[in-house]
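Me: Take one loop residue with an unusual backbone angle and look at it closely. Then follow the thread through the rest of the chain. Keep the sentences short, please.

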Amino acid sequence: MAIFLTLVLVIAATKLAGDLAVRIGQPSVLGKLLAGILLGPAVLNWIEPSALIHDFSEIGVVLLMFIAGLETDLDQLKRNWKASFAVAIGGIVLPFIGGYGGAQAMGLANAHSIFIGLLLCATSVSISVQTLKEMNQLHSREGTTVLGAAVVDDVIVVLLLAIMMSMLGGESDVSLSMVFIKKAVFFIAILLAGWFAVPYVMKRLSAIHVTEAVMSLALVFCLLFAYFAEKMGVAGIIGAFAAGISIAQTPFKHEVEQKVEPIAYTLFVPVFFVSIGLNITFAGLGSQIVFLVLIALIAIASKWLGGALGARMTGFGNRSSLAIGAGMISRGEVALIIATTGLEASLLPEQYFTSIVLVVIITTLVTPPLLKMMFRSQPKLKKITN
């Protein structure tokens, strides 16, 4: 029964903190992230990480990206593919150079420095998606470019990680050809399913005599695409995003969008926000404060500037380029997964793991206010947020 009290704390704290953040001129997602730090081991220690919290948060981030897919303008995504690719490349090259150089400056071994550089290349735009949604910018050219760049970034970073694991991680059984084949199979299968299978199945089965047939089918595709993405070595959030885009091309888009948001924002997404803060602990950081500050500054500046340069080179103005770069800063769950993988493969020294987790969380915390600042000339932030 303790889970009931945990969920009460999570839901109440995130909603109150979100409202407070909006009242002081910040996106509500920033307050929700801080609520997780407050409730977790770093401050009050009322909630500890658990398998159930982890599972709920995984569902939350998948639903968040599914909603983003539903709201994405596919035509605009196609028009901006060059910009998305350039932003992704810029957001990989500069963070890698910066991360490698920073780790070398701190005296880490060459293999460890390369891994930290690769880890800083990761991007998770789930927090950016929520912030852009609150500011009515998810449909904008900038928002669409960020979403497209995140997909490209995820694929490239996973491929680079596989190459590094095969060369430096002592995993001779890693087949690079199989890694590339699995990525190709994923995207081909997703395109075919999204173009043919999803519309056909939604149309044929939407009228079956059960409660919420359309919504059930939508969730089946969302979770199935996410599962298939993970099995193919691509982040599950990319699969969920693809499922949302697929369903958005059917006549059921608005029905699914209206019904999935209450499910997501009432329970699962709040748990996801809180779960990020639960990873913070300040124990034993005194001796690593220089490493933490240096890598955090590099992580923020390199991704921001790298993404902005890619956007600027493809025709965006200065402010729009900086906004796109800011949207790419958060490393989120993607970097946490890479960090755990590196720890297990001895590519990340154990004594630096906590600092790296804190760097990931810092990048997540700074993203919402930076996006707000970059979009301040746009329409005002809505007072009622999810």
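**From one loop residue into the helices**

Reply: Start with N45, which sits in the loop that joins α2 (28-39) to α3 (51-70). Keep in mind that the model is predicted. What is the sign of phi at N45, a residue other than glycine? The value is positive, near 60°. Here is the background: most residues other than glycine have a negative phi. How open is N45 to its surroundings? Its relative accessible area is 38%. Buried would need a value under 20%, and exposed a value over 50%. N45 therefore counts as partly exposed.

Now look for the same feature elsewhere. E212 also has a positive phi, near 50°, and is a residue other than glycine. Its place is in the loop between α9 (176-205) and α10 (213-231). The relative accessible area of E212 is 38%, so E212 is partly exposed.

Stay in that loop for a moment. A207 is found between α9 and α10 too. With 57% relative accessibility, A207 counts as exposed, because the value is over 50%. Pick a partner for A207 further along the chain, L371. The two are 164 residues apart in sequence. From C-alpha to C-alpha, A207 and L371 are 42 Å apart in space.

Next, go from loops to helices. I237 is a residue of helix α11 (residues 236-248). Its relative accessible area is 8%, so I237 is buried. What does I237 touch, once residues up to four places away in sequence are set aside? Its partners are V61, M65, S124, E333 and V334. Compare its position with that of L63. I237 and L63 are separated by 174 residues in sequence. In space, their C-alpha atoms are 8.4 Å apart.

Set another pair beside that one. V366 belongs to helix α16 (residues 353-374). V366 and I3 are 363 residues apart in sequence, and their C-alpha atoms are 30 Å apart in space. V366 has 22% relative accessibility. Buried means under 20%, so V366 counts as partly exposed. Leaving out residues up to four places away, V366 touches I300 and I329.

Now take a buried residue with a polar contact. S128 is part of helix α7 (residues 126-134). At a relative accessible area of 0%, S128 is buried. What does a polar atom of its side chain have at 2.7 Å? The answer is the backbone oxygen of G327. Beyond its neighbours within four places in sequence, S128 is in contact with G327, T367 and L371. So G327 appears twice, in the polar contact and in the contact list. L371, the partner chosen for A207, is among the residues that S128 contacts.

T14 gives a second case. T14 lies in helix α1. Its relative accessibility is 0%, so T14 counts as buried. A polar atom of the T14 side chain lies 3.1 Å from the backbone oxygen of I11. Apart from neighbours within four places in sequence, T14 contacts K32, A35, P270 and V274.

Two of those names, P270 and V274, belong to α12. That leads to a pair of helices. In general, two packed helices are described by the angle between their axes and the distance between the axes. Apply that here. Helix α1 (residues 2-23) and helix α12 (residues 253-278) have axes that come within 9 Å and cross at roughly 85°. Angles of 65 to 115 degrees count as roughly perpendicular, so α1 is roughly perpendicular to α12. Which residues meet? On the α1 side they are L7, V10, I11, T14 and K15. On the α12 side they are Y265, T266, L267, P270, V271 and V274. By type, this contact holds eight nonpolar residues, two polar ones and one charged one. I11 and T14, the two residues of the 3.1 Å polar contact, both take part in the meeting with α12.

Finish with the cysteines. C121 has 0% relative accessibility, so C121 is buried. C222 is buried as well, with a relative accessible area of 0%. How many disulfides are there? A disulfide needs two cysteine sulfur atoms within 2.5 Å. The count comes to zero.

Technical notes. Residues numbered from 1 in each chain as written. Predicted model: local features only at pLDDT ≥ 70, side-chain atom pairs only at ≥ 80, totals over all residues. Heavy atoms only, no water. Axes fitted to C-alpha atoms, helices over the stretch in contact; angles between N-to-C directions. Helix = DSSP H or I, 4+ residues; strand = E, 2+ residues; numbered from the N terminus. Parallel < 35°, antiparallel > 145°, perpendicular 65-115°, else oblique. Contact = heavy atoms within 4.5 Å. Nonpolar A, V, L, I, M, F, W, Y, C, P; charged D, E, K, R; others polar. Buried < 20%, exposed > 50% of the residue type's maximum accessible area, 1.4 Å probe, protein only. Polar contact = N/O pair within 3.5 Å; in protein donor to acceptor, adjacent residues only side chain to side chain.
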